[in-house]
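Hi everyone, thanks for coming. I'd like to walk you through a structure that's new to most of you, so let's get it on the screen.

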Amino acid sequence: MTTYKWGNISETVSEGMNQIVFMKDGKVVCYLYGYPESNKFGIFFEGTDSVDNVKILYSEDNEVFDVTKNGDIVYLKHSK
């Protein structure tokens with residue numbers, strides 16, 4: 001696994017905020033930061049298999065998410 005350090009990631013203001021970085025070919029192609037209510041999108045992970053509150057997903061792993069919608073906000077919840 002290659003480690004990528006990016007200076008734009010900072011500690012969130014409070015719980016419930018999401019920081020999501022999408023990468024392709026080792027470069028950041030999209031970055032989402034904020035509350036689901038502001039971004040209209042939220043993603044949540046169960047369990048403790050993350051390190052320092054960071055969860056890395058790879059497209060080839062075919063991870064499964066439960067998708068729900070509350071008003072105009074889409075929520076993805078990672079299920080094991």
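Before we start, one term: when I say strand or helix, I mean a run assigned by DSSP, at least two residues for a strand and at least four for a helix, numbered from the N terminus. And please keep in mind that this is a predicted model.

With that in hand, go to the loop between β3, residues 41-45, and β4: that's where Tyr58 sits. Is Tyr58 buried, exposed or something in between? Its relative accessibility is 34%, so we call Tyr58 partly exposed. Together with Val54 and Ile56, Tyr58 makes a nonpolar surface patch of about 250 Å².

Okay, now back towards the start of the chain. Strands β1, residues 18-24, and β2, residues 27-34, run antiparallel and pair through seven bridges. If you want one pair to click on, take Val21, whose bridge partner in β2 is Tyr31. The hairpin has two residues between its strands, and Asp25 there has a positive phi near 50°.

Next up, β4 and β5. Asp66 belongs to β4, residues 64-70. Asp66 is 10 residues from Leu76 in sequence, and their C-alphas are 5.7 Å apart. Beyond its sequence neighbours up to four places away, Asp66 touches Tyr75, Leu76, Lys77 and Ser79. At 44% relative accessibility, Asp66 is partly exposed.

His78, over in β5, residues 73-79, is another story. Its relative accessibility is 4%, and since the cut-off for buried is under 20%, His78 counts as buried. What does the side chain of His78 make a polar contact with? That would be the side chain of Glu63, at 2.6 Å. Leaving out neighbours within four places, the residues in contact with His78 include Phe44, Phe45 and Phe65.

Last stop: charges. In general, side chains of opposite charge can pair when their charged atoms come close. How many salt bridges does the structure hold? Just one, and it joins the side chains of Asp72 and Lys40, 3.4 Å from N to O. Asp72 is in the loop between β4 and β5, while Lys40 is in the loop between α1, residues 36-39, and β3, so this pair ties together parts 32 residues apart in sequence. As for accessibility, Asp72 is partly exposed at 48%, and Lys40 is partly exposed at 37%.

That's my tour, so over to you.

Definitions and conventions
Residues numbered from 1 in each chain as written. Predicted model: local features only at pLDDT ≥ 70, side-chain atom pairs only at ≥ 80, totals over all residues. Heavy atoms only, no water. Pairing = 2+ DSSP bridges. Buried < 20%, exposed > 50% of the residue type's maximum accessible area, 1.4 Å probe, protein only. Contact = heavy atoms within 4.5 Å. Polar contact = N/O pair within 3.5 Å; in protein donor to acceptor, adjacent residues only side chain to side chain. Patch = residues over 30% accessible without salt bridge, like charges linked within 9 Å, V, L, I, M, F, W, Y side chains within 5 Å. Areas by Shrake-Rupley, 256 points an atom, 1.4 Å probe, with all protein chains shown as cover. Salt bridge = Lys/Arg side-chain N within 4 Å of Asp/Glu carboxyl O.
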